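Here's a quick tour of a protein fold, written for someone new to reading structures. Keep the picture open beside you as you go through the points.

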Amino acid sequence: FPVTIHTRGSLNLMVDGQVAQQPKIIEEYTCWKDQFPVLTVDLHRPTAVSKIKIYALKELENNNYLPTGITLEVSSDGKNFSVLKNLSEKEINDSYKTNSAIQFSVETKSRYYRFTFENQIKLVNPEEKAWLLMSEIVMQ
């Protein structure tokens, strides 16, 4: 992960492999500045997934933005990935308005799920950088 990741003293919940139950229970965020992350989830065995929710915080006044794109890839071996879904900025924003989370449907069964979060945000002040704050990725 880039050195711009920080958790303000909280646990590294987005990067430590913790498994939680519904409903969303965490109100702490892992943060990335400027360079948004690539996160790989290893479910330890092929697992069917039909819905994904990504909890992120959007506060434009604090430079906290949603990603401008998300690519979801799957793999059975953790080495060779194939693209399952690409979400556009419009799809991300529309989902967030409706669900207060980035939510989308998929129909797949895999062991590894890789999420690439894109940042094409151009701020007015080039000295400032966009932040991505996420608390959880829920896979059902």
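A residue is called buried when its relative accessible area is under 20%, exposed when it is over 50%, and partly exposed in between. Hang on to those cut-offs, because D34, with 37% relative accessibility, counts as partly exposed. What you're looking at is a predicted model, built around an open sheet of 6 strands with a helix, α1, packed on it.

**How far to trust it**
- The protein chain has a mean pLDDT of 83, and 81% of its residues reach 70 or more.
- Residues 1-13 are another story: the pLDDT there is below 50, although this stretch still makes 29 contacts in the model beyond near neighbours in sequence.
- Where pLDDT is low, don't read the predicted coordinates in detail.

**The sheet**
- Going across the sheet, the strands come in the order β1-β6-β2-β5-β3-β4, and the pairing is antiparallel.
- At the edges sit β1 (30-33) and β4 (82-87), each of which pairs on one side only.
- Neighbouring strands in this sheet are turned against each other by 30 degrees on average, if you ignore direction.
- Have a look at β5 (residues 102-118), which pairs with β3 (residues 69-75) in the antiparallel sense over 7 bridges.
- In that region, G69 stands opposite E118 of β5.
- β5 also runs antiparallel to β2, and 12 bridges join the two.
- To find a spot on β5 by eye, look for S110, the bridge partner of T47.

**The helix on top of the sheet**
- Helix α1 (residues 89-99) packs on the sheet and touches β2 (38-57), β3, β4 and β5.
- The direction of α1 makes about 95 degrees with that of β5.
- Which residues of α1 are buried? They are I92, S95 and Y96.
- Looking down the axis of α1, you'd see its buried residues within an arc of 100 degrees, so they line one face of the helix.
- Those buried residues pack against β2, β3, β4 and β5.
- Turn to the face of α1 pointing away from its buried side and you'll meet the exposed residues K90, K97 and T98.
- After α1 comes S100, which has a positive phi near 55 degrees.

**The nonpolar core**
- In soluble globular proteins, nonpolar side chains tend to be buried together.
- Here, the largest nonpolar core has 26 residues, and the ones with the most contacts inside it are I54, I102, F104, F115 and F117.
- Two or more residues of this core come from each of β2, β3, α1, β5 and β6 (131-139).
- β5 gives the largest share, with 6 residues.
- F117 makes a good example: setting aside neighbours within four places in sequence, its contacts include F36, L39, I54, I70, L132, M134 and I137.

**Two loop residues with a positive phi**
- D34 isn't a glycine, yet its phi is positive, at about 70 degrees.
- You'll find D34 in the loop between β1 and β2.
- N63 isn't a glycine either, and its phi is positive too, at about 65 degrees.
- The loop that holds N63 lies between β2 and β3.
- Is N63 buried or exposed? N63 has 14% relative accessibility, so it counts as buried.

Terms used:
Residues are numbered from 1 along each chain as its sequence is written. This is a predicted model: local features need pLDDT of at least 70, side-chain atom pairs count only at pLDDT 80 or more; totals for chains, interfaces and linings use all residues. Side-chain values use heavy atoms; hydrogens and water are left out. Two strands pair if DSSP finds at least two bridges between them. Helices (H or I, at least four residues) and strands (E, at least two) are DSSP runs, numbered from the N terminus. Axes are lines fitted to C-alpha atoms, for helices over the stretch in contact, and angles run from 0 to 180 degrees between N-to-C directions. Contact means heavy atoms within 4.5 Å. Buried means under 20% relative accessible area, exposed over 50%, partly exposed in between (1.4 Å probe, protein chains only). pLDDT is the predictor's confidence in each residue, from 0 to 100. A nonpolar core is a set of buried Ala, Val, Leu, Ile, Met, Phe, Trp, Tyr and Cys residues joined through side-chain atoms within 4.5 Å. The arc is that of the directions from the helix axis to the C-beta atoms.
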